[in-house]
Amino acid sequence: MVASLRTLAGGSSKQTAPTHRASLPPSEAYSGCVTKDSKPPNPLIAGMELGGTKSVALIARGRRILKSARIPTGRPAETLTALGDLIAGWTARAGPIAALGVGSFGPLGLDPTRADYGRITSTPKPGWSNTDVLGALRARFDIPTGFDTDVAGAALAESLWGAAIGAGTVVYLTVGTGVGGGVLVGGRPVHGLVHPEMGHVRIRRAPGDDFAGVCPFHGDCLEGLASGPAIAARAGAPAETLAEDHPIWDLVADELAELTTTLILTLSPERLLLGGGVAGGKPFLMAKIRAATAVRLGGYVAGLSPARLARIIRAPGLGDRAGPLGAVALGLRAMQDFPQRSK
Ligand code: ZN
């Protein structure tokens with residue numbers, strides 16, 4: 001019998017009420033019990049998080065990161081080789097890895113029936129367009145390998161160890177250099193034509209706001225208005241230097257609330273987590289986004305009290321570790337989906 005993802009992840013396979021788990025400290029190591037005749041539920045998993053400027057390699061057991069290192073994202077072959085070398089070096093001492101997970105910036109080819117499966121496809125990042133990430137890694141590591149967007153991985157990690165435990169429908173939104181979102185339905189990342197690209201939706205603008213936007217594809221899509229570079233262009237200073245009472249934050253909260261409202265009305269998520277360099281770690285912005293979302297919902301969704309909305313729209317439980325642990329979660333998912341390839 002295939003172990004459940006939660007069991008492999010070092011947690012109970014029994015679902016836990018999410019509100020009881022969100023306060024677990026991110027540093028908590030796995031301490032589940034192992035019965036005599038069961039396999040250890042915390043196999044050694046390797047992860048790679050590919051980012052636009054930095055990439056991370058790590059090995060972990062469950063949510064416990066044993067080794068990790070961050071390198072600049074250079075050319076594709078050099079970067080993948082360097083990350084692979086880090087993992088190979090660690091596993092020489094720590095033992096064989098059961099699976100590898102890769103969470104990457106996109107857009108990605110995720111349909112196994114298509115020729116671009118496993119590739120970073122049409123990215124404007126120089127040198128990375130059409131890079132066969134999965135092919136390169138499978139040639140080196142003959143183990144189950146999971147590949148998905150960094151945000152889908154983060155959503156999966158949050159559902160295993162963070163603020164979305166027990167939730168089947170989850171959105172993980174990141175607001176930083178760009179705006180992106182991963183979606184889980186029934187606990188699995190949503191793919192279809194490609195994968196969700198919700199950062200590029202067009203939103204209702206504030207009256208009189210005529211900022212052209214910074215998205216090279218759409219101008220004033222959400223990413224073009226509310227990403228870190230957009231905020232810096234509008235405010236004349238980097239987003240991280242702007243005080244809580246800067247008027248830009250009301251505008252940004254309203255813009256992000258256009259998306260959170262749409263997501264609540266379209267996907268009905270039980271958790272809508274907001275991370276990233278701009279949205280993460282700013283309780284004041286989270287409160288503004290919740291309030292602006294409530295105004296836009298207009299009381300239409302039954303039972304969505306302010307307290308309940310605060311349980312839905314919240315910060316990631318894993319903080320900055322949602323991304324790297326997302327790669328580990330994708331490895332665990334691959335191990336569950338392709339157990340015959342486990343060594
Ligand atoms: Zn756009």
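**A turn, two sheets and their helices**

G186 lies in the loop between strand 9 and strand 10. This small spot is a friendly place to start reading the structure, which is a predicted model. In the hairpin formed by strand 9 and strand 10, 2 residues sit between the strands, and G186 takes a positive phi near 60°. Is G186 buried or exposed? With 7 other C-beta atoms within 10 Å, G186 is exposed, because a residue with 12 or fewer such neighbours is counted that way. Along the chain, G186 and V170 are 16 residues apart, while in space their C-alpha atoms are 8.8 Å apart.

Stepping back from the loop, the strands on either side of G186 come into view. Strand 9 (residues 179-185) and strand 10 (residues 188-189) run antiparallel and are joined by 2 bridges. One of these pairs L184 with P189 of strand 10, and V185 has R188 as its bridge partner in strand 10. On the other side, strand 9 is joined to strand 8 (residues 170-175) by 6 bridges, and this pair also runs antiparallel. Here V171 has V183 of strand 9 as its bridge partner. Strand 8 and strand 9 form a hairpin too, with 3 residues between them. Whereas G186 in the loop is exposed, strand 9 itself is mostly covered, with 6 of its 7 residues buried.

These strands belong to an open sheet of 5 strands, ordered 10-9-8-11-12, in which the pairing is mixed. Strand 10 and strand 12 (313-314) are the edge strands of this sheet, each pairing on one side only. It helps to recall that strands of a sheet pair through backbone hydrogen bonds, either parallel or antiparallel.

Another open sheet of 5 strands follows the order 3-2-1-4-7, again with mixed pairing. Its edges are strand 3 (64-72) and strand 7 (145-149), each of which pairs on one side only. From one strand to the next, the twist averages 15°. At one end of the order, strand 2 (residues 54-61) and strand 3 pair in the antiparallel sense over 8 bridges, and K54 has P72 of strand 3 as its bridge partner. Further along, strand 1 and strand 4 pair in the parallel sense over 6 bridges, with M48 standing opposite V102 in strand 4. Strand 4 and strand 7 also run parallel, joined by 5 bridges, and S104 has T149 of strand 7 as its bridge partner.

How many residues of strand 4 are buried? The count is 6 of 6, so strand 4 is largely enclosed by the rest of the structure. Both faces of the strand take part: A99, G101 and G103 point one way, L100, V102 and S104 point the other way, and all are buried.

Helices lie against this sheet. Helix 2 (residues 76-94) lies across strand 1 (44-50), strand 2 and strand 3, and runs at about 20° to strand 2. Helix 3 (residues 133-140) lies across strand 4 (99-104) and strand 7, running at about 160° to strand 7.

Other helices can be read in their own right. Helix 7 (residues 248-266) has 19 residues, and at 1.5 Å a residue these should span 27 Å; the end C-alpha atoms are 27 Å apart, which agrees. Of those 19 residues, 14 are buried, so helix 7 is largely enclosed by the rest of the structure. After helix 7 comes S268, whose phi is positive, near 55°.

Helix 4 (residues 150-161) and helix 11 (residues 322-337) offer an example of two helices packing together, at an angle of about 80° and with their axes 7 Å apart. The two are therefore roughly perpendicular to each other. Residues making the contact include L156, L160 and W161 of helix 4 and L325, V328 and R333 of helix 11. By class, this contact has 11 nonpolar, 3 polar and 3 charged residues.

Finally, the protein can be viewed as a whole. Its secondary structure comes to 11 helices and 12 strands, and 47% of its 343 residues count as buried. Among contacts between residues at least 6 apart in sequence, 66% join residues at least 24 apart.

Terms used:
Residues are numbered from 1 along each chain as its sequence is written. This is a predicted model: local features need pLDDT of at least 70, side-chain atom pairs count only at pLDDT 80 or more; totals for chains, interfaces and linings use all residues. Axes are lines fitted to C-alpha atoms, for helices over the stretch in contact, and angles run from 0 to 180 degrees between N-to-C directions. Helices (H or I, at least four residues) and strands (E, at least two) are DSSP runs, numbered from the N terminus. Angles under 35 degrees count as roughly parallel, over 145 as roughly antiparallel, 65 to 115 as roughly perpendicular and the rest as oblique. Two residues are in contact if their C-beta atoms, placed from the backbone, lie within 7 Å. Ala, Val, Leu, Ile, Met, Phe, Trp, Tyr, Cys and Pro count as nonpolar, Asp, Glu, Lys and Arg as charged, and the others, Gly among them, as polar. A residue is buried if 20 or more other C-beta atoms lie within 10 Å of its own, exposed if 12 or fewer, and partly exposed in between; C-beta atoms are placed from the backbone. Two strands pair if DSSP finds at least two bridges between them. The expected span of a helix is 1.5 Å times one less than its number of residues.
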